[in-house]
Amino acid sequence: MILQCSHISKAFLTDEILSDISFHINEQEKAAIVGVNGSGKSTLLKIIMGELSADSGEVIIAKDTTVSYLAQNQEYASDRTIFEEMQDARPEILLLEQQIAALSEKMNTAQGDELEHAIRQFDTANQQYERLGGYAYQSELVGVLKGLGFDEADFSQPVNSLSGGEKTRVALAKMLLKAPDLIVLDEPTNHLDVTAIHWLEGYLSGYRGAVLIVAHDRYFLDKIVGKVIELRQHKTTVYTGNYTAYSKKRQLLLDTLMKQYLNQQAEIKHQEAVITKLRQFNREKSIKRAESREKQLEKINRLEKPTEENTQMHLFFTPKYQSGQDVLSVKELSMHYDDRALFQNISFELKRGEHVAIIGDNGTGKTTLLKILNQLETADSGSFTLGTNVEIGYYDQEHHVLHMEKTLFDEIQDTCPHMTNTEVRTVLAAFLFKEDDVFKQIKSLSGGERGRVSLAKLMLSDANFLILDEPTNHLDIDSKNILENALNHFEGTVLYVSHDRYFINATAHRILELSNQTLYNYIGNYDYYLEKKETINAIPPTGAPVSGASKSSAAAPQNTATGSKLSWQQQKEKQARIRKLENEIKRIEQEIETLEADNALVDSGLADPDNASNSAKLQELARQRASNDTRLEELMERWEELSNTLEV
């Protein structure tokens with residue numbers, strides 16, 4: 001065991017943040033701390049690192065353990081270059097390099113005993129240098145910097161000249177090169193693009209030390225951690241497995257606790273009703289029996305009702321009008337910034353109902369493309385057209401759609417002047433702004449709060465074409481799940497930019513990768529994109545707009561001759577067949593559940609002593625059981641057949 005948190009509690013004035021928190025981290029274990037915004041995750045990390053003191057409890061770190069910590073907002077000041085800063089990550093290697101160089105020079109001039117002594121020192125230093133990995137250090141240093149998104153041209157930049165996000169990446173790179181026994185990371189993916197996040201996943205997965213992470217990136221957590229420590233309602237629950245396993249186990253636990261609570265409540269109400277009836281008889285024996293039942297009821301260890309924090313916003317998108325089949329057509333669009341081409345001659349189309357994600361490294365022009373489509377910027381060349389009855393709703397990651405001087409109340413009321421004061425308050429309450437919160441100015445809100453206001457305005461827009469720029473930024477995991485559910489039930493069209501691969505997996509039907517100044521088209525979610533990117537040399541769609549493509553021709557251009565490529569109509573027909581199969585499977589599963597529930601009632605009737613002498617009743621129940629079993633066998637065979645068809 002490398003780290004143990006034992007009964008940690010913390011409050012700020014009267015606000016309880018952490019209560020009796022206990023968990024441990026073993027050597028080489030990778031663990032995540034998850035919870036909604038404001039649940040105390042960063043506070044807990046600061047207590048572990050000694051930056052905050054706990055009100056009670058203790059943090060125990062194993063003797064001689066080295067620990068490094070990357071805060072969410074990293075302060076970093078240095079006059080040295082990025083490369084010089086990285087070399088300082090392992091000062092013992094730098095010192096040995098200097099010592100070896102000095103000894104090498106000395107051996108050129110020394111003679112006799114002095115030369116022999118210098119040779120022995122040189123051999124000793126060289127062996128130690130090799131043992132510490134000195135010969136591989138320079139290549140490792142370069143590999144880490146490039147993995148986190150720095151080019152070799154950046155290595156000579158002074159750290160003080162970098163942006164906040166770049167400084168955070170420098171701090172992360174230096175931490176990885178130090179290779180401590182325990183790495184503690186607070187939202188490490190905030191300033192990384194998809195490529196850098198993917199690299200970091202691989203690095204941390206193979207890391208020989210222990211890792212403790214706070215992150216909202218569920219895909220990232222799935223790839224790395226084997227333990228999840230949930231912070232909810234000031235307390236912790238520890239789950240083994242990655243994020244997906246945690247999510248399933250947590251829901252199962254909540255369902256079990258709620259079932260136990262409801263069963264106990266039903267039993268209590270039943271006993272109370274019996275006691276009331278016995279007392280109504282008003283006879284000595286019945287009153288004694290009522291009193292006996294009351295004593296038994298008092299001894300019951302009453303379960304608390306499982307509750308969730310009031311952190312779930314209510315979000316749904318409902319288009320006022322249905323758009324035409326053709327929603328967007330982009331043709332030969334090009335854009336440059338400072339003599340640097342972002343993209344050139346890109347073309348693609350969107351059809352009604354499509355959910356399309358645009359991905360790519362930072363600086364490739366993804367946000368710029370969305371701004372062009374919203375007429376906030378003008379392309380150098382090319383054009384785009386919107387289809388019939390298309391109404392755009394735009395979510396801007398920088399929240400320029402919000403007016404910083406306005407209050408939340410005025411922001412919503414001015415957007416929808418027909419709404420009454422009560423209706424405005426109801427909408428804001430659905431996005432977790434209640435009472436006096438509605439009179440806060442937009443400029444005083446956190447990034448997550450501004451995101452919720454922007455989503456509220458988007459919901460009220462009644463748009464049938466949503467264009468979203470990093471919609472999950474600053475949202476906690478619960479809010480991301482709600483947004484995913486809202487988009488998956490949205491009947492309109494969605495085009496969005498996101499680095500959140502879990503979100504892309506859950507909501508995208510198609511992926512457009514912006515890379516090398518052009519677009520690559522993949523039909524499927526993020527996992528499918530990764531699979532095809534590794535196995536197919538993607539061909540850029542020069543010429544005709546990108547539209548539908550079969551999975552076997554992923555990343556192929558619209559005008560590429562390929563026998564396996566399906567037309568848009570064929571794709572729609574295929575999707576319709578899949579939906580029909582899925583619906584029939586769902587209907588069969590529901591009928592199976594109904595029959596199994598009916599069998600449980602039949603079995604109860606067969607075992608009922610009151611029916612023991614009623615042969616007609618027993619025969620009727622037996623016939624019903626046999627009929628149910630026959631139908632169940634048919635349904636299960638049909639289910640297996642349909643499942644095999646769907647799989648193919």
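Here is an informal walk through the fold, from the whole chain down to a few single residues.

This is a predicted model, in which local features need pLDDT of at least 70 and side-chain atom pairs count only at pLDDT 80 or more, while totals for chains, interfaces and linings use all residues. Residues are numbered from 1 along each chain as its sequence is written, and side-chain values use heavy atoms, with hydrogens and water left out.

**The whole chain**

The C-alpha trace of the protein chain spans about 115 × 65 × 55 Å along its principal axes. Its secondary structure comes to 19 helices and 18 strands; helices (H or I, at least four residues) and strands (E, at least two) are DSSP runs, numbered from the N terminus. Of the 648 residues, 45% count as buried. Here buried means under 20% relative accessible area, exposed means over 50%, and partly exposed is in between (1.4 Å probe, protein chains only). Take the contacts (heavy atoms within 4.5 Å) between residues at least 6 apart in sequence: 66% of them join residues at least 24 apart.

**Two cores**

The largest nonpolar core has 51 residues. Such a core is a set of buried Ala, Val, Leu, Ile, Met, Phe, Trp, Tyr and Cys residues joined through side-chain atoms within 4.5 Å. Helix α6 (residues 164–178) gives the largest share of this core, seven residues. Leu-176, Leu-185, Leu-204, Ile-213, Phe-220 and Leu-221 have the most contacts inside the core. Leaving aside residues up to four places away in sequence, Leu-176 touches Val-144, Leu-148, Ile-183, Trp-199, Leu-200, Tyr-203 and Leu-204. There is also a second, separate core of 50 residues, and Tyr-395, Ala-430, Phe-431 and Tyr-529 are among them.

**A six-stranded sheet**

Six strands line up as β5-β6-β7-β3-β8-β9 in an open sheet with mixed pairing; two strands pair if DSSP finds at least two bridges between them. β5 (67–70) and β9 (235–240) stand at the edges with a single partner strand each, so one side of each has no neighbour in the sheet. From one strand to the next, the twist averages 15°. Inside the sheet, β6 (residues 182–186) and β7 (residues 210–214) pair in the parallel sense over five bridges. Leu-185 stands opposite Ile-213 in β7, and both belong to the list of best-connected core residues above.

**Two crossing helices**

The axes of α5 (residues 134–147) and α7 (residues 194–205) come within 9 Å and cross at roughly 135°. Axes are lines fitted to C-alpha atoms, for helices over the stretch in contact, and angles run from 0 to 180 degrees between N-to-C directions. That makes α5 oblique to α7, as angles under 35 degrees count as roughly parallel, over 145 as roughly antiparallel, 65 to 115 as roughly perpendicular and the rest as oblique. On the α5 side, Glu-140, Gly-143, Val-144 and Gly-147 make the contact; α7 brings Ala-196, Trp-199 and Tyr-203.

**Cysteines and odd backbone angles**

The structure holds zero disulfides (pairs of cysteine sulfur atoms within 2.5 Å). Cys-5 is buried, at 2% relative accessible area, and Cys-416 is buried too, at 5%. Two residues other than glycine have a positive phi:

| Residue | Phi | Loop | Relative accessible area |
|---|---|---|---|
| His-234 | near 75° | between β8 (227–232) and β9 | 31%, partly exposed |
| Asn-516 | about 55° | between β17 (510–515) and β18 (518–523) | 64%, exposed |
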